[in-house]
Amino acid sequence: MDASAVTAALEDARFDARQNSRHEDLADDVRGPAGLAEWERVDQLLAAAPTGTLYDPDTDDFVRAELAAEAAAATAREAELREAARVAARADELQALRELGTLEQTEPREGDEAVRDELTRRAGGYVQADVDAWLAHALAAHLGHYRDPAARETAAGLLTPPLLAHAALLAELGRLVPGADVDQLAFAARLATTEPEAAGALAAFLTRARP
């Protein structure tokens, strides 16, 4: 486009803006002002360029940056949708295992912290005690992806204080009484749920008591 074509397009955009301002149902439409602002920008761009310069959106750094940002946003959105689908599918899987009574025999995977949140959401915000107990045991025993210290460190920022206190307490109690049955340590979950700070303090105390 040459300067005269851009000027004509700008005048059309200004006319449309004036017309839209007179109609209540169009007054809040952001597309008109955005289009007008873009034509004003292009007009100023050509005004500052040498005479005879043609406008080409393919060489416009602003347009290319906008397109790149839109592409990046679309890619990020696609990644979010894929992750949401993965979390939902894993939540369905864990729910099925719960119903079969085999959740405790399942090793956790990377991202199960988000799956825990999804199961809590599905339950109307109520914490699922069996899921928390499963994750706490896995975290304490370093099962599944929790074998990796980095995964355990990441979990510390994603899981709730009661769950983390439960895991810490289980780890120390398991050290003191190797081979203790899960049912024998059920009190740890109750203590961590009602008094997470006290449970954490007890775990820290037991850590200091190591020989």
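**Exercise 1. Describe the second largest pocket and the residues that line it.**

About 240 Å³ of space lies in the second largest pocket, where a pocket is an open set of points on a 1 Å grid over the protein atoms alone at which a 1.4 Å probe fits, with protein on both sides within 12 Å along at least five of seven lines, and where the volume is the space filled by probe spheres set on the points, joined across faces, edges and corners. The model is predicted, so that local features need pLDDT of at least 70 and side-chain atom pairs count only at pLDDT 80 or more, while totals for chains, interfaces and linings use all residues. Residues are numbered from 1 along each chain as its sequence is written, and side-chain values use heavy atoms, with hydrogens and water left out.

The next step is the lining, whose residues have an atom within 4 Å of a point; among them are Arg116, Val127, Asp132, Thr160, Leu163 and His166. Helices H6, H8 and H9 each give two or more residues to this lining, helices being DSSP runs of H or I with at least four residues, numbered from the N terminus. By class, the lining has seven nonpolar, three polar and two charged residues, with Ala, Val, Leu, Ile, Met, Phe, Trp, Tyr, Cys and Pro counted as nonpolar, Asp, Glu, Lys and Arg as charged, and the others, Gly among them, as polar.

**Exercise 2. Place Arg116 in its surroundings, and state whether Arg116 is buried or exposed.**

Arg116 belongs to helix H5, which spans residues 112-122. Its relative accessible area is 5%, and Arg116 is therefore buried, the term standing for under 20% with a 1.4 Å probe on protein chains only, against over 50% for exposed.

Leaving aside neighbours within four places in sequence, Arg116 is in contact (heavy atoms within 4.5 Å) with residues including Val131, Leu135 and Leu159. Other buried residues of H5 include Val115 and Leu119, and the buried residues of this helix pack against H4, H6, H7 and H8.

**Exercise 3. Locate Leu159 in the largest nonpolar core.**

The largest nonpolar core, a set of buried Ala, Val, Leu, Ile, Met, Phe, Trp, Tyr and Cys residues joined through side-chain atoms within 4.5 Å, has 30 residues, and Leu159 is one of those with the most contacts inside it. H6 provides the largest share of this core, seven residues. Beyond four places in sequence, the contacts of Leu159 include Arg116, Leu139 and Tyr146.
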